[in-house]
Amino acid sequence: QVDEVIVAADNAAEASLLGNVRVRPVRTLTEVVKALAGIDPWPDVDIPIRLSERSGRGPDLSEVHGQPLARLALEVAAAGGHHLLMVGAPGAGKTMLAERVVGLLDDLTDAQALEVTSVHSAAGVLGDGQLIRRPPFRAPHHTASMVAMVGGGSRALRPGEISLAHGGVLFLDELGEFPAHVLDALRQPLEQGVVRINRALVNATLPARMLLIAAMNPCPCGLAGTPGCGCSDSAIARYARRVSGPLLDRFDLRIRIRPTPRVDLTSGHPSEATAEVGARVAAARARSVRRGVASVSELAVSELQNFCSLDRPAKELVDDAIDRGVLSGRGWGRIRRVALTLDDLRGGEGDIDVGLVTQALAMRAPIDLSSRVAVSA
């Protein structure tokens, strides 16, 4: 156990966040040598402390009208830690929805706050003495490089966006515009919750357990399946190849977003607010904590057997989906986790019925971007 730490004066506020550790701020190495030799006393440096980077939960979900399936998918994603892909035309509300998911998440615990703050400090994006209490929300542009996304660097190793989103949400807008090799680099961190960076002089393992929310158009122009679409078959094929099958498989939830009907936009009826939905999310996550994990998505397949069971109609539905090739073995594990999250949100006891499985299957729609017909279905 370390009792004292010596740090540069500019980093003293961050070091003080460690708690029961005496911080010795210094301005130069000469001050360190003289203090250790007993020539001079330790410098007296004031340490300003700000305990929170930001307060509040950002934009409210009540501002989103209509979109019942998308709202449910957002709630399930937040409650169970399930990665979500939204496909729809420009202006359908994908970004608006994604920006509100982080508000559904509880504040970070003390341990999480220190870990997240440490990552941001290492990346050089932390203000003086700011302890991050709210889950971070990162939304890198689709021109982000591999190093910017996963971390690294030639001179100094720095965390990338997937680590800066640790404990919170990583939002990738215009997913189909990201370079394919950058997207494929996400596959291992999404599975393991860490990113491993190997360089000639240094190897590092950085945390990267975040909720991935992605949005994309059904084709480069976004109007696939309508008379206004001017994309050629080759352009659609190139666009589709950006998002590989293995990456698509990492999304437990895949939904199509339709434009909100006029009646929903102009009805004036208030939508459910972030606080109401967030309360259900918090209760569902509390159930996962009692199971020994932070969220349902972290449960191994073998552990699922202990916490949920299928009734006969549900099992028959799953068997039929597997027999028809609609569902793979891995896909079934993901469907089962989503069904358990849905059960948690309704306060169930892990009894998975056919209705829950049907809902879970409906929120994992097949996304075939290479076909005009499939995209417009």
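# Chatting through a predicted chain

Visitor: Let's start with Q67: does it count as buried or exposed?
Guide: Q67 counts as buried, because its relative accessibility is 10%, where buried means under 20% relative accessible area, exposed means over 50% and partly exposed lies in between, using a 1.4 Å probe and protein chains only. This is a predicted model, in which local features need pLDDT of at least 70, side-chain atom pairs count only at pLDDT 80 or more, and totals for chains, interfaces and linings use all residues. Residues are numbered from 1 along each chain as its sequence is written, and side-chain values use heavy atoms, with hydrogens and water left out.

Visitor: Where does Q67 lie, and what is its phi?
Guide: Q67 lies in the loop between α2 (29-36) and α3, these elements being DSSP runs numbered from the N terminus, with helices (H or I) of at least four residues and strands (E) of at least two. The phi of Q67 is near 55 degrees, a positive value in a residue other than glycine. Most residues other than glycine have a negative phi.

Visitor: And what about the phi of E174?
Guide: The phi of E174 is also near 55 degrees and therefore positive in a residue other than glycine. E174 lies in the loop between β7 (169-172) and α8 (180-184), and at 27% relative accessibility it counts as partly exposed.

Visitor: Switching to the sheet, in what order do the 5 strands come?
Guide: The open sheet has the order β4-β7-β10-β3-β11, with parallel pairing, where two strands pair if DSSP finds at least two bridges between them. Its edge strands are β4 (137-138) and β11 (253-257), each of which pairs on one side only. Strands of a sheet pair through backbone hydrogen bonds, either parallel or antiparallel.

Visitor: How many bridges join β3 to β11, and how many join β3 to β10?
Guide: Strand β3 (residues 84-88) is joined to β11 by 5 bridges and to β10 by 4 bridges, with β3 running parallel to β10. On the β11 side, L84 has L253 as its bridge partner and V87 stands opposite R256, while in β10 the bridge partner of M86 is A215.

Visitor: Why is β3 described as largely enclosed?
Guide: Strand β3 is largely enclosed by the rest of the structure because 5 of its 5 residues are buried. Both of its faces are covered, with L84, M86 and G88 buried on one side and L85 and V87 buried on the other.

Visitor: Which helix lies across β3?
Guide: Helix α3 (residues 68-80) lies across β3, β10 (211-216) and β11, and runs at about 155 degrees to β11. Axes are lines fitted to C-alpha atoms, for helices over the stretch in contact, and angles run from 0 to 180 degrees between N-to-C directions.

Visitor: Away from the sheet, which residues does S244 contact, leaving aside neighbours within four places in sequence?
Guide: With those neighbours set aside, S244 is in contact with D184 and R187, contact meaning heavy atoms within 4.5 Å. S244 sits in the loop between α10 (233-241) and α11 (245-249), and at 16% relative accessibility it counts as buried.

Visitor: Is N198 buried or exposed?
Guide: N198 counts as exposed, at 54% relative accessibility, and its place is in strand β8 (residues 194-198). The C-alpha atoms of N198 and G152 are separated by 8.4 Å, although the two residues are 46 residues apart along the chain.

Visitor: Lastly, how many helices and strands does the chain have?
Guide: The chain has 18 helices and 13 strands, and of its 377 residues 47% count as buried.
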